[in-house]
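Today I sat down with a new model and my notebook. I wanted to look up how its parts meet, and here is what I wrote down.

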Amino acid sequence: MNKIASAFANGKAFIPFITCGDPDLETTKACIREMVRNGADLIELGIPFSDPTAEGPVIQGANIRALASGTTTSKIFEMVTELRREISTPMVFMTYANVVFAYGAERFLTACEQVGIDGLILPDLPYEEKDEFLPVCREHHVALISLIAPTSAGRIATIAREAEGFIYLVSSLGVTGTRSEITTDLSSIMKVIRENTSIPCAIGFGISTPEQAAKMAGLSDGAIVGSAIIKILAQYGSESPKYVGEFVKKMKMGVRC
Amino acid sequence: MTNTKGRFGIYGGQYIPETLMNAVIELEAAYEYYKNDPEFQTELSTLFNEYAGRPSRLYYAEKMTKDLNGAKIYLKREDLNHTGAHKINNVLGQALLAKKMGKTRLIAETGAGQHGVATATAAALMGMQCVVFMGEEDTKRQALNVYRMRLLGAEVIPVKTGTATLKDAVSEAMREWTSRIDDTHYCLGSVMGPHPFPTIVRDFQAVISREIKEQMLQKEGRLPDVVLACVGGGSNAIGSFYHFIDDAQVRLIGCEAAGRGVDTFETAATVNTGRVGIFHGMKSYFCQDDFGQIAPVYSISAGLDYPGIGPEHAWLNDIGRAEYVPVTDEEAVCAFEYLAKTEGIIPAIESAHAVAHALKIAPELSKDQLMVITISGRGDKDCAAIARYRGEDLHE
């Protein structure tokens, strides 16, 4: 079993997101430890990008703060190296195509394999363009995660059949950010996904409460939460880790109900 | 190496969120159908001729020619189009296409405001809703155009993120499009973004070089020796170059905004200072740091103040078919003033970048050589900013 599959092996998975370096990498490290301690099954680590076009204002803010504190791709690899000495929870990177391209795909994915990154999510790399990085990802045993959106009609089966690691199902139209209600007919999308692949599928975008997480995990194999955690970081800065831990604990209980 | 749709060499592609993929696929299919539809083409020609005032003049700049004592200079007067710039060519095409597709709402980004004004104009004409995203910094530099857009019935949303300029307006328009696709067409203003935009925008702007070719053959009986145009994203430049790409004897020169100079960080000269990257839906050249963070570019010209360039230009550069030269703020302002005093034509500060390079190279060319400079827009919108640059505060 690969490491990503193990995250989904004990019931529904809770997948928290954090932007590395917001407000600094020491805080990120402490938050990740808290996430693990409180039951995170897989952790999504954002590498900041200057112009995150798939993000709403909350995560845009995290990207700005992280870059302002001098966070770079190289420093994030160092941070993951240190964390891997104590943490075995699966971890995936979320960033934008240019961050990988500028670092050099070969160099980036070699480093991912060395430090123990299990997957890569690139929101601006759709199915049509995945060959840009897929061969290098495979060579280094890093799963290139596929996204499916509410507007993916006619494409779901094709994407699902070739998906690796897990499928990231985008709950709603628009950018990341918390939503009071998720209205997309996700169960019919899930049905097509299930018919075409056996890999797990987690739902993200707009989830901020244990009730929403429970509902989304009920429809799929897990819930991904980003903006709600970033709001804690924006409010508490370097004091965030304990609040992040409490939040993860509460959300994890939600998905396991 | 990837070889997907919409490639110019290695450049182009469709690097966008999954949420938008069906929208660009639908757009491509509609465009492929309507571009060969005689009725669509007739409607578009009528709009070009009767509404936008095409064909635009190819004007012999006699005083400028005598003054520079070199190449014989013609100006392609896109500034005389309705709304005062070449932007209307693309917008009429896209708005008509969007209408055929059943869309009722246009969204757009704008830098100098010319594309925003053109989109607001087409929306008013065709009875569509219009929302324009504009960097807050640019809303200040181009206050007159903000007023024009609102007058035309558009909603103008100042974008405060990042550098609050054109790239942030593009990002925000893309974000808006992901949240509302059904009734909305993203009327992208330049030959950039994901496929099929670089091709669609080029095809609608190619009317510029088609006319230059006809007009030059009529006036001089031969093709020009050199064609100059300013380049931000590159829509008026590709429009000016397109029908000459296969005529190898025609030199094609794109003039980039160097801001305070290519050896400073305050520049927007993408080909001259950028590297290959992936951003805003395309692979092309971008101003960026070692880690791929997009650089906060600068130019006096809000329309050229963009850290990327259209993928077809990146390719034309790599294969050596077109040259891309940097022009500083100071050179552009001098050319702005020069054309006003010499020919009685106030060019847009964007277009003044092309005039500035012409001032450098025309004297070195022989008198039997023919030069065309595309004046992509009129400069009324820039007067207050140029006055400020010269230390004078205008109260409009």
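I started with one ion pair: Asp51(A) makes a salt bridge with Lys167(B), and their closest N and O atoms are 2.6 Å apart. I count a salt bridge when a side-chain nitrogen of Lys or Arg lies within 4 Å of a carboxyl oxygen of Asp or Glu. Between chain B and chain A, I get 4 salt bridges.

A note on ground rules: this is a predicted model, where local features need pLDDT of at least 70 and side-chain atom pairs count only at pLDDT 80 or more, while totals for chains, interfaces and linings use all residues. Residues are numbered from 1 along each chain as its sequence is written, chains are lettered from A and ligands numbered from 1 in the order in which they are written, and side-chain values use heavy atoms, with hydrogens and water left out.

**Chain B against chain A**

I looked up polar contacts next (N or O atoms within 3.5 Å; within protein, one must be able to donate a hydrogen and the other to accept it, and residues adjacent in sequence count only if both atoms are side-chain atoms). Chain B and chain A have 20 residue pairs in polar contact, both at pLDDT 80 or more. Which element gives the largest share of the side of chain B that touches chain A? I found α8(B), with 7 residues; helices are DSSP runs of H or I, at least four residues, and strands are runs of E, at least two, numbered from the N terminus.

For contact (heavy atoms within 4.5 Å), I noted 34 residues of chain B and 38 residues of chain A. I then took buried area, the accessible area (1.4 Å probe) that two parts lose on being put together, summed over both. The two chains bury about 3,000 Å², with 54% of it on carbon and sulfur atoms. In chain B, Glu18(B), Arg175(B) and Phe291(B) lose the most area to chain A, together 25% of what that side buries.

**Inside chain B**

The domain assignment, automatic or from a database, gives domain 1 (8-48 + 87-201) and domain 2 (54-84 + 206-389) in chain B. Their centres, taken over C-alpha atoms, are 22 Å apart. I see 39 residues from domain 1 of chain B and 43 residues from domain 2 of chain B in the contact.

How much area is buried between these domains? I wrote down about 3,200 Å², of which carbon and sulfur atoms give 61%. On the domain 1 side, Tyr11(B), Tyr15(B) and Arg141(B) lose the most area to domain 2, together 22% of what that side buries. I counted 0 salt bridges between the two domains, but 14 residue pairs in polar contact, both at pLDDT 80 or more.
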